[in-house]
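Reader: I am new to this structure. Please take me through one part of it closely, the aromatic rings and the nonpolar surface patch.

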Amino acid sequence: MPKRINLPDGQQAVESTKGFFGEFKAFISKGNVMDMAVGIIIGGAFTTIVKSLVSDIISPLLGLVGGMNFDQFSLKFAGVTLAYGKFLTAVINFLMMAFVLFFIVKAFNRAGSLIKKEEEVEEEVEEEATTKVCPYCKSEIDIEASRCPMCTSQLEEKMAEQ
């Protein structure tokens with residue numbers, strides 16, 4: 001049931017009480033939440049691809065060059081085995097994954113900026129071709145005008161002199 005609220009200026013307003021599920025529906029149906037959810041799902045799928053690239057292709061190639069596998073390194077101390085080699089492998093895998101992601105994001109950003117620059121150039125060319133500036137009053141007028149609508153000056157004579 002709607003609730004009436006008294007405002008300071010003597011008027012009344014009706015407060016809408018949607019309830020918990022109404023508020024949740026409004027929150028979840030916002031575009032930002034859906035975009036975030038899609039980004040998280042695609043990010044998870046992309047993570048598996050990059051993880052496979054690092055663990056199945058890059059790490060074995062580094063093992064060929066370096067001849068070492070850090071997974072085997074461990075330290076026994078008071079009956080406890082510390083597998084620090086696995087930790088080192090995880091750190092190296094993280095750094096390689098971050099390096100690969102850096103180049104992928106850099107490539108996407110560069111491609112996006114190239115596309116934006118091409119669109120901006122096309123827009124500028126269109127804008128420049130439709131207007132010109134009156135040499136007398138400096139107002140912007142149509143490019144095909146022979147007389148300025150602001151100061152009524154003949155434009156063809158002044159343009160021919162310049």
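Author: Here is a short walk along one helix and its aromatic side chains. The model is predicted. The helix is α3, residues 84-128.

Start with the rings. A search of the whole structure finds 3 aromatic pairs. In one of them, Phe99 and Phe103 have ring centres 4.7 Å apart. Their planes stand at 85 degrees, which is over the 60 needed, so this pair is edge-to-face. Phe99 and Phe103 are 4 residues apart in helix α3, so about one helical turn separates them.

Phe103 has a second partner, Phe102. Here the ring centres lie 5.4 Å apart and the planes are at 65 degrees, so this pair is edge-to-face too. Ring pairs thus link Phe99, Phe102 and Phe103 into a cluster.

How open are these side chains? Phe103 has 42% relative accessibility, so it counts as partly exposed. Phe102 has 46% and also counts as partly exposed.

Now turn to the surface patch. It is nonpolar and covers about 860 Å². Its members are Leu75, Val80, Leu82, Tyr84, Phe87, Leu88, Val91, Phe94 and Leu95. Two elements, β4 (80-82) and α3, each give two or more residues to the patch. Helix α3 gives the most, with 6 residues.

Take Phe94, one of the patch residues. Phe94 lies in helix α3. Its relative accessibility is 56%; the cut-off is over 50%, so Phe94 counts as exposed.

Helix α3 therefore holds the Phe99 and Phe103 pair, and α3 is also the main giver to the nonpolar patch.

Note on methods. Residues are numbered from 1 along each chain as its sequence is written. This is a predicted model: local features need pLDDT of at least 70, side-chain atom pairs count only at pLDDT 80 or more; totals for chains, interfaces and linings use all residues. Side-chain values use heavy atoms; hydrogens and water are left out. Rings of Phe, Tyr and Trp (its six-membered ring) pair if their centres lie within 6.5 Å; planes under 30 degrees apart count as stacked, over 60 as edge-to-face and the rest as tilted. Buried means under 20% relative accessible area, exposed over 50%, partly exposed in between (1.4 Å probe, protein chains only). Patches are made of residues with over 30% relative accessible area and no salt bridge: like charges are joined within 9 Å, nonpolar side chains (Val, Leu, Ile, Met, Phe, Trp, Tyr) within 5 Å. Accessible areas come from the Shrake-Rupley method with a 1.4 Å probe; for residues, only the protein chains shown count as cover. A salt bridge is a side-chain nitrogen of Lys or Arg within 4 Å of a carboxyl oxygen of Asp or Glu.
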